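Me: Got a minute to go through this one with me? I'd like the basics before I get back to the bench.
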Amino acid sequence: MIRVRGMRKAYRTGKVVNEVLRGVDFDVEAGEFVSIIGPSGSGKSTLLHAIGGLDRDYTGTIEVDGRDLHSLSDTALSDYRNRSVGFVFQSFYLLPHLSILENVALPAVFARSGERLDHAAASARARDVLEQVELGARTDSTPTMLSGGQRQRVAIARALFHRPALLLCDEPTGNLDSKMGAQIIELFRRLNADAKITVMIVTHDPRISAATTRTLRVEDGNLFDEGTHRPTAMPEPATPEAPQ
Amino acid sequence: MTGAGLRRVVAANIRRSRNHFLLASIGIVVGIATFTFFIALAQGVRAVVLGRIFPLDQLEVVPKSLDIAIGPLALGTSTLGADIIDDARVREIEAIPGVQTVYPKMRLTVPSIAMGGEALIGADLRSEIVADGLDPALVPDDVAPGYEFRDFDAEPGPATACTEDAECGKNMYCGVPAGTRLSRKNRDDDYGKPPKGTPTVCRHYVPVLASDHVVELYNGALRRAHGFPKLVPESVVGFTFELVIGSSMVGASNKDHLVRERAMLVGFSRKAIALGLTIPVGYVRRLNVDFGQPEDAQRYHSVIVMVPEKDDVAAVAKGVADLNLEVADTGAEQAALLIAIFTLIFALVSAVIVGIAAVNIMHVFFMLVYERQHEIGIMRAIGATRGDITRIIMGEAATLGMFGGLLGVGLAFAASFGFDWVSATYVPDFPYKPTTYFIFPWWLVAAALGFAVSFCIFGAFLPARRAARMEPAAVLSGH
């Protein structure tokens, strides 16, 4: 599904050039549950953004389902992000002036290929996805009315809106306490196991890494494949927290 | 991005940032209000000045004259040009491209006096008059209902003898037969009263058309000086008065004999002489011949040339000059130029205000783009193209411009009502004082809205470009 070859990426600050990725090669097959670990500033998020089509300022090749992301136009790449990829960020990035339902349905506004949903159909789809993340009763709330864990689940619902094949998660539990974090990881695990969605998680947390089936470690600009392993169960998630 | 989706996103963003937008739109509102107010004022003033005072769609063509000034002596002569306009000249003028119609005018060349007015203003006035003769076929729409403007004495039929007006029909009076010459006694105040025993017959009044200028001059100046009542043009129609042709307040100008007529005002016309009386050309022709030469029957002193398209006026004026005639200077061109300059100055002032507002809008949008950079990043992450981001920012700017424009136009309307109210309430009457000084044509409203939207879009262009060029990975990761 994902084929990365010779990927290099450098950040320039004035005359100082910091090469964070120095020729990275790896493959991820459809349906894998992969964690990317490494120290801060090692290029984990950079790698994830490049795979998600958010960053094209790199050398080398990233192919997703046979498409070289570098060769795509802005429109095609936007369509790829809209249809094929779901992003979950540490800071949630929900739009505070929109309701939960509107946040989740926002990808429908930017759809330009395949099934284009009208407002009613997009709202119905958003309700379904919110049900999946157990927030079906909070559709009219705004993000500020929710807890951190709930906000992240809204962000996950938004990422799942177009039923993507690939879910890219950048420190998704970084702003959550361990209990909420465990719930979120359990949600990813279910999506991977039940919906066969390929999940890639950037994390510092070894427990999250242990909960995935494969770990990639980025260090000193290089990527080390630590191979597949049997996932370790995260601590038993408690019942979803009450709304604030 | 769908249109409906764009509208929803734009509406939500505007609701959220309404305070910023409210502040940003103040300049647009003021600029558009200024633009609309002054252009509407210029349109209104132009309509009065060029429509009523100096009608620009009609030119008065006169024989070319040459003014020679030698020291204190100034001579006006027309001998170097064509000193008369006859029927052949009229046909040549009609052939000039852009000319719709030509109205020959024959001036009464005999000194004359008008007397009367007690029934109308409570006092008899007596005034030296100037009169023009016009073809009745050219002013059918200017005659008030129930009246006629034609030469009733052109083919006099059998006269009905009478002793008083009541014996005659509507719009008729009992007087001496048409063309009766009355002898003058050697007194300057002799107005040719018919001697006793002179036969009298029922006659039609000489129909008279007047220019609006006459009533405006009376209402704006004369009535104040004498304490007379204000006149409404419609109420003056039907007013009758005496005409004494061949008599003058300047004794030396008196003729040997007089002709007395009674006249009736039958309407107002823009084609009428500005300060004087306009009567059917047949009366003027007979009187000019009676007091002058037989060839005076074919001499026109000017023609009114109707030019429906203002753009053709210059070409027609040149065609007239080529015929060795000239266009009488009515002041219309100077007035039009002044109005154009006035309009241009205020349009420029408005453009400066709106331009400054556009810079303000640019700042506001730069600030909003900075504040929303994560939001823009996440929109890009979920599928927005650079074009979508541009459209969202531009959509907000266009909406801001539309609302600012509507508010500005509304403010201009409100200010115009206030201006008119103050004028009607506190400003004394003056000639041509209009009931409203403003005209708001549809194109002005459309231009004002287009102007507002364009400047807002112009102001938002650079911020939108910056937003569209943001790298989503950079803004989401903070690099």
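Reply: Sure, one term up front: buried means under 20% relative accessible area, exposed over 50%, and partly exposed in between, with a 1.4 Å probe and protein chains only. By that rule, 55% of the 244 residues in chain A are buried.

Me: And where does the model come from?
Reply: This is a predicted model, where local features need pLDDT of at least 70, side-chain atom pairs count only at pLDDT 80 or more, and totals for chains, interfaces and linings use all residues. Residues are numbered from 1 along each chain as its sequence is written, chains are lettered from A and ligands numbered from 1 in the order in which they are written, and side-chain values use heavy atoms, leaving out hydrogens and water.

Me: How many helices and strands in chain A?
Reply: Seven helices and 10 strands, taken as DSSP runs numbered from the N terminus (helices H or I, at least four residues; strands E, at least two).

Me: What order do the strands of the open sheet come in?
Reply: In chain A, six strands line up as β6-β7-β8-β3-β9-β10, with mixed pairing; two strands pair if DSSP finds at least two bridges between them. At the edges sit β6 (85-89) and β10 (222-228) of chain A, each pairing on one side only.

Me: How do β3 and β9 of chain A run?
Reply: Parallel, with four bridges joining β3 (residues 33-37) to β9 (residues 214-219) in chain A. A:Val34 is opposite A:Arg214 of β9(A).

Me: Switching topic: which strands does helix α6 of chain A touch?
Reply: Helix α6 (residues 178-194) packs on the sheet against β3, β6, β7 and β8 of chain A; contact means heavy atoms within 4.5 Å.

How values were computed:
Axes fitted to C-alpha atoms, helices over the stretch in contact; angles between N-to-C directions.
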